[in-house]
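Subject: Handover of a structure

Dear colleague,

Please find below the structure that I am handing over to you, together with its sequence. I would be grateful if you would keep it open while you read the findings that follow.

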Amino acid sequence: MKSKTAIVFPGQGSQIVGMGKDIYDNFECAREVFQRVDDILGVSLSKIIFEGPSEELTKTENTQPALMAVSIALTTVLEKEFGKKLEDICSFVAGHSLGEYSALCAAKAISLEETAKLLQVRGREMAKCGQQSSGAMAAILGVEINVAEEIAKEAAGEVSLGEICQIANDNSVGQIVISGTKSAIERALIIAKEKGAKRAIALPVS
């Protein structure tokens with residue numbers, strides 16, 4: 001019976017300076033992936049990934065292709081160094097937000113070049129939107145979806161004041177991501193703890 005294992009690729013907020021450096025240092029095929037992405041985008045993205053600073057890596061236009069580059073470098077190492085084809089490891093690929101692009105690339109539905117360029121455009125356009133409004137995201141852990149909705153509604157307060165707070169991702173039972181105006185998200189972090197959340201964490205997104 002074929003495995004029902006799935007590989008789920010990470011989305012924005014999962015980045016950290018230095019990610020992927022171990023495979024870059026140890027595998028030529030991984031270095032080739034990072035170099036190709038640098039060449040496609042016309043920037044030294046790998047330097048930002050490995051050396052930071054964190055503020056530069058967290059910029060949406062950098063985060064998105066950076067996470068994809070690390071994801072594809074990892075799957076490339078599995079395939080070329082360990083002889084593990086993706087279809088032998090899993091039956092499905094998926095991803096959180098930009099991770100969907102990594103999944104499509106890993107499954108060879110779209111090329112690395114196409115993926116990098118798409119994420120560059122996606123990241124830049126999202127960054128432009130972010131510059132027009134002060135937005136933020138947070139993860140609420142340990143509450144049901146109905147409680148998260150109450151938190152978001154209370155944090156938003158009067159809609160007429162221009163405050164927004166709403167459910168962005170229902171990742172799993174007890175793990176919900178909210179997004180909205182920065183001040184509303186800051187209030188939501190406090191309200192979440194008052195309503196019994198195990199943790200309420202602001203996500204590192206620009």
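Helix H2 (28-41), helix H5 and helix H7 (99-106) each contribute at least two residues to the lining of the second largest pocket. Please bear in mind throughout that the model is a predicted one. The second largest pocket encloses about 280 Å³ of space. Its lining consists of 16 residues, and those nearest its centre are Arg36, Ile72, Thr76, Glu79 and Lys108. Which element gives the most to this lining? It is H5, with five residues. Sorted by class, the lining holds eight nonpolar, three polar and five charged residues.

Two residues connected with this region deserve a closer look. Lys108, one of the residues nearest the centre of the second largest pocket, sits in the loop between H7 and H8. Its relative accessible area is 59%, and it counts as exposed because this value is over the 50% cut-off. The backbone of Lys108 has a positive phi of about 65°, although the residue is not a glycine. Ser102, by contrast in its exposure, belongs to helix H7. With a relative accessible area of 0%, Ser102 is buried. Leaving out residues up to four places away in sequence, Ser102 touches Phe9, Met68, Ser71 and Ile72. Of these, Ile72 has also been named above, among the residues nearest the centre of the second largest pocket.

I turn next to the largest pocket, which has a volume of about 960 Å³. It is lined by 36 residues, and Gln12, Met126, Met137, Val205 and Ser206 are the closest to its centre. The elements that give two or more residues to this lining are helix H5 (60-80), helix H8 (112-132), strand S3 (135-141), strand S4 (165-172) and strand S5 (175-181). H8 provides the largest share, namely six residues. How does the lining divide by class, and how many of its residues are nonpolar, polar or charged? There are 12 nonpolar, 21 polar and three charged residues.

H5 therefore merits attention, because helix H5 appears in the lists for both pockets. One of its residues is Asn62. Is Asn62 buried or exposed? Its relative accessibility is 10%, which is under the 20% cut-off, so Asn62 counts as buried. Apart from residues up to four places away in sequence, Asn62 touches Leu45, Ile48, Glu56 and Leu57.

The backbone shows some further features of interest. As a general rule, most residues other than glycine have a negative phi, and most peptide bonds are trans. Against that background, the bond joining Gly52 and Pro53 is a cis peptide bond, with omega at about 5°. Pro53 lies in the loop between helix H3 (45-51) and helix H4 (54-58). Ser97 is another residue to inspect: it is not a glycine, yet its phi is positive, at about 55°. Ser97 is located in the loop between strand S2 (92-95) and H7. At 45% relative accessibility, Ser97 counts as partly exposed, because this value falls between the cut-offs of 20% and 50%.

Arg187 may serve as a further example. It is part of helix H10 (residues 182-194), and at 32% relative accessibility it counts as partly exposed. Setting aside its neighbours within four places in sequence, Arg187 is in contact with Ala155, Ala156 and Glu163. Arg187 and Ile110 are 77 residues apart in sequence, and their C-alpha atoms are 41 Å apart in space.

Finally, I summarise the chain as a whole. It contains 10 helices and six strands. Its radius of gyration is 19 Å, close to the 17 Å that the globule rule gives for 206 residues, so the chain is as compact as a globular protein of that length. Along the principal axes, the C-alpha atoms fill a box of roughly 55 × 45 × 25 Å. Of the 206 residues, 40% count as buried. The accessible surface comes to about 11,300 Å², and 53% of it belongs to carbon and sulfur atoms. Among contacts with a separation of 6 or more, 70% are between residues 24 or more positions apart.

Yours sincerely

Definitions and conventions
Residues numbered from 1 in each chain as written. Predicted model: local features only at pLDDT ≥ 70, side-chain atom pairs only at ≥ 80, totals over all residues. Heavy atoms only, no water. 1 Å grid on protein atoms, 1.4 Å probe; cavity = no way out; pocket = protein on both sides within 12 Å on 5 of 7 lines; lining within 4 Å. Points joined across faces, edges and corners; volume = space filled by probe spheres on them. Helix = DSSP H or I, 4+ residues; strand = E, 2+ residues; numbered from the N terminus. Nonpolar A, V, L, I, M, F, W, Y, C, P; charged D, E, K, R; others polar. Rg over C-alpha atoms; globule rule 2.2 N^0.38 Å. Buried < 20%, exposed > 50% of the residue type's maximum accessible area, 1.4 Å probe, protein only. Contact = heavy atoms within 4.5 Å. Areas by Shrake-Rupley, 256 points an atom, 1.4 Å probe, with all protein chains shown as cover.
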